[in-house]
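Here are some exercises to work through with the structure open beside you. Try each one yourself before you read the solution.

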There are 2 protein chains.
Amino acid sequence: MKALSAVTVAADRAPDAIAQCQTVCSDCNLRELCVPCCGLTRHEKDVAERLAFHRSRVRRGASLYRTGDRFASLFGVRSGFFKKLALLEDGRHQVTGFKMAGELLGMDAIGTERHTGNAVALENSEVCVIPFAGLQALAQEIPSLQRHFRRTMSREIVREQGMMLQLGTMSAEERLALLLLDLSRRFAMYGYSSTEFNLRMTRDEMGSYLGLKLETVSRILSRLQGEGLIRVKQKFIRILDRPRLEQVLGRRQD
Amino acid sequence: MKALSAVTVAADRAPDAIAQCQTVCSDCNLRELCVPCCGLTRHEKDVAERLAFHRSRVRRGASLYRTGDRFASLFGVRSGFFKKLALLEDGRHQVTGFKMAGELLGMDAIGTERHTGNAVALENSEVCVIPFAGLQALAQEIPSLQRHFRRTMSREIVREQGMMLQLGTMSAEERLALLLLDLSRRFAMYGYSSTEFNLRMTRDEMGSYLGLKLETVSRILSRLQGEGLIRVKQKFIRILDRPRLEQVLGRRQD
DNA sequence: CGGAACTTTGACACATATCAAAGTGTGTGG
DNA sequence: CCACACACTTTGATATGTGTCAAAGTTCCG
């Protein structure tokens, strides 16, 4: 895959795997989501030495992986922004999620042999490639890692399923509020501002994710701005009145 | 849990676990979905002897498990019909799927410690209780079982996610066609008629699953009947023109 | 037989999609 | 550096699908 051909920067300054891993993870914003390096004891970290990591750049518009690709690695997003796509049988496709720096990509494929969707960079990005075979071998020896990993994976599945479930019963306004608050929370979690951020996706991509047309997305954003809940200027979003934005989600009692 | 208190019939005629398991599985319609008993070699079956199975009845309207219940067992549906429910934070709930004889229930909880949803019997049913701890121990020793199990689980997740994904972009008519064809396919898979069957769920439950109101479900069924695609009489469904019903799903080209 | 639960159908309201056109921003090549 | 093309966004007018409310019909079961 072209996107993964770039020489890793980390390899230059860190000749052996563990040093590299430490370099990667110490100043890395993957935090608790970085499965192999966090929550391990000294000894376990030694064992982790066997895992070979490397970084890789993905240019805007390039795919990190595609539907049907053999599943070999997980990807930690070090910087940048991705969308996940599902291809429907009839050739159309739908955005199934967004991933930002600090989050893991590729878990959709665990259990199957192949990736079940595409991951496309929405801006020039950098990922940490985590070979799954090595990770699994490691997990055999370190039960805490096994647990951590299973928990992360299932949380991911529950979160995404819950999201999709809810979307089915929500109005367009509720969907937008949910997306904005979700992005806000995640930006905050990884150390960015929770009240101002730039959307990396287009209205069309938001709509695809939320099950709305791009015009509807645009209209609702304008409406939320008109009501003083947010400020919108193209891709820039500022949350002006979080409580009321949360109320949009809260006021559904049937 | 009340629902699981019934004395197992199988235990009476089969004193030891393996004999019981064979009894259960040989005339059981779980087929390839019955994780522990299928695809095992002679030796592996011996190992499987350790797994204690039992059967249990669940009366119409009773819960097999509830949200938050400690996850201890998987359930193979031997006979009957279940709906799965998700409880949304605001107290409302939504049908997330239906399970018929031959299918597995409880996989939603794997990875977490607790069940993430309810399973309610829509008619008097019988399940095969599969203790997960034993299953997992067994899987440690039998790699093929491990694989089989992971594959079954991930297929389940992919199928359900795909379903929910698609629903988001479909019209009411497409949703109904999808549900009818899905049920038809599954009835056929387990040896029942694929062209005539009785729905076990109400219009309201179909609607909850499909993201539609019960009146809409009723109207669409009437419309499909008017067009000669199906015959509807209350809960009875006969598929009259499968090709055209499939076309309802196929004619979505954007 | 009577009541409860479920289903069907109609009239109407409303949210979102569709179609169309103008506006804004961005990158590229001259 | 400008100009042009292209991609994306906004807004309006209108169409359409589904929800809502209401009432009558059906089936089931005590």
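The exercises below concern a predicted model, and each comes with a worked solution.

**Exercise 1. Work out how chain B is related to chain A, and which C-alpha of chain B lies nearest the axis.**

Step 1. Start with the superposition: chain B falls on chain A after a rotation of 179° with 0.0 Å of shift along the axis, and the RMSD is 0.0 Å.

Step 2. Such a rotation is the relation of a two-fold axis.

Step 3. Now look along that axis in chain B: the C-alpha nearest to the axis belongs to B:G168, at 3.2 Å.

**Exercise 2. Describe the side of chain B that touches chain A.**

Step 1. Count the residues: 25 residues of chain B are in contact with 25 residues of chain A.

Step 2. Find the elements: β5 (93–100) and α5 of chain B each supply at least two residues of this side.

Step 3. Pick out the main contributor, which is α5(B) with ten residues, the largest share.

Step 4. Sort this side of chain B by class: eight residues are nonpolar, twelve are polar and five are charged.

Step 5. Compare the two chains: 100% of the interface residues of chain B are interface residues in chain A as well, so the copies meet through the same surface.

**Exercise 3. Characterise the packing of α5(A) against α5(B).**

Step 1. Two packed helices are described by the angle between their axes and the distance between the axes.

Step 2. Apply this to helix α5 (residues 143–167) of chain A and helix α5 (residues 143–167) of chain B: the axes come within 10 Å and cross at roughly 30°.

Step 3. An angle under 35 degrees counts as roughly parallel, and α5(A) is therefore roughly parallel to α5(B).

Step 4. Add the hand: the crossing of α5(A) past α5(B) is left-handed.

Step 5. Locate the residues that meet: A:I157, A:Q161, A:M164 and A:L165 on α5(A) face B:I157, B:Q161, B:M164 and B:L165 on α5(B).

Step 6. Sort this contact by class, and you get six nonpolar residues, two polar ones and no charged ones.

**Exercise 4. Find which residues come nearest to DNA strand D and which elements line the surface there.**

Step 1. There are 20 residues around DNA strand D, and A:T202, A:R203, A:S218, A:S222 and B:T216 come nearest.

Step 2. Two or more residues each come from α7 (203–210) and α8 (214–226) of chain A, and from α6 (172–189) and α8 (214–226) of chain B.

Step 3. Of these, α8(A) gives the largest share, six residues.

Step 4. By class, the surface near DNA strand D has five nonpolar, seven polar and eight charged residues.

**Exercise 5. Repeat the analysis for DNA strand C.**

Step 1. DNA strand C is surrounded by 19 residues, and the closest are A:A172, A:T216, B:T202, B:R203 and B:S222.

Step 2. The elements giving two or more residues here are α8 of chain A, with α7 (203–210) and α8 of chain B.

Step 3. The most comes from α8(B), with six residues.

Step 4. The class count for the surface near DNA strand C is five nonpolar, seven polar and seven charged.

**Exercise 6. Show how α6(B) and α7(B) each pack against α8(B).**

Step 1. Take α6(B) and α8(B): they pack at an angle of about 75°, with axes 10 Å apart.

Step 2. That makes α6(B) roughly perpendicular to α8(B).

Step 3. In this contact B:A172, B:E173 and B:L176 of α6(B) meet B:T216, B:V217, B:I220, B:L221 and B:L224 of α8(B). Six of the residues are nonpolar, one is polar and one is charged.

Step 4. Turn to α7(B) and α8(B): their axes come within 8 Å and cross at roughly 100°. These two helices, α7(B) and α8(B), are therefore roughly perpendicular to each other.

Step 5. Here B:R203, B:D204, B:M206 and B:G207 of α7(B) meet B:L214, B:T216, B:V217 and B:S218 of α8(B). The contact of α7(B) with α8(B) has three nonpolar, three polar and two charged residues.

Key. Residues are numbered from 1 along each chain as its sequence is written. Chains are lettered from A and ligands numbered from 1 in the order in which they are written. This is a predicted model: local features need pLDDT of at least 70, side-chain atom pairs count only at pLDDT 80 or more; totals for chains, interfaces and linings use all residues. Copies are superposed by least squares on the C-alpha atoms of residues with pLDDT of at least 70 in both. Two residues are in contact if their C-beta atoms, placed from the backbone, lie within 7 Å. A residue is near a molecule or strand if its C-beta atom, placed from the backbone, lies within 6 Å of it. Helices (H or I, at least four residues) and strands (E, at least two) are DSSP runs, numbered from the N terminus. Ala, Val, Leu, Ile, Met, Phe, Trp, Tyr, Cys and Pro count as nonpolar, Asp, Glu, Lys and Arg as charged, and the others, Gly among them, as polar. Axes are lines fitted to C-alpha atoms, for helices over the stretch in contact, and angles run from 0 to 180 degrees between N-to-C directions. Angles under 35 degrees count as roughly parallel, over 145 as roughly antiparallel, 65 to 115 as roughly perpendicular and the rest as oblique. A crossing is left-handed if the near helix is turned anticlockwise from the far one by less than a right angle, and right-handed if clockwise.
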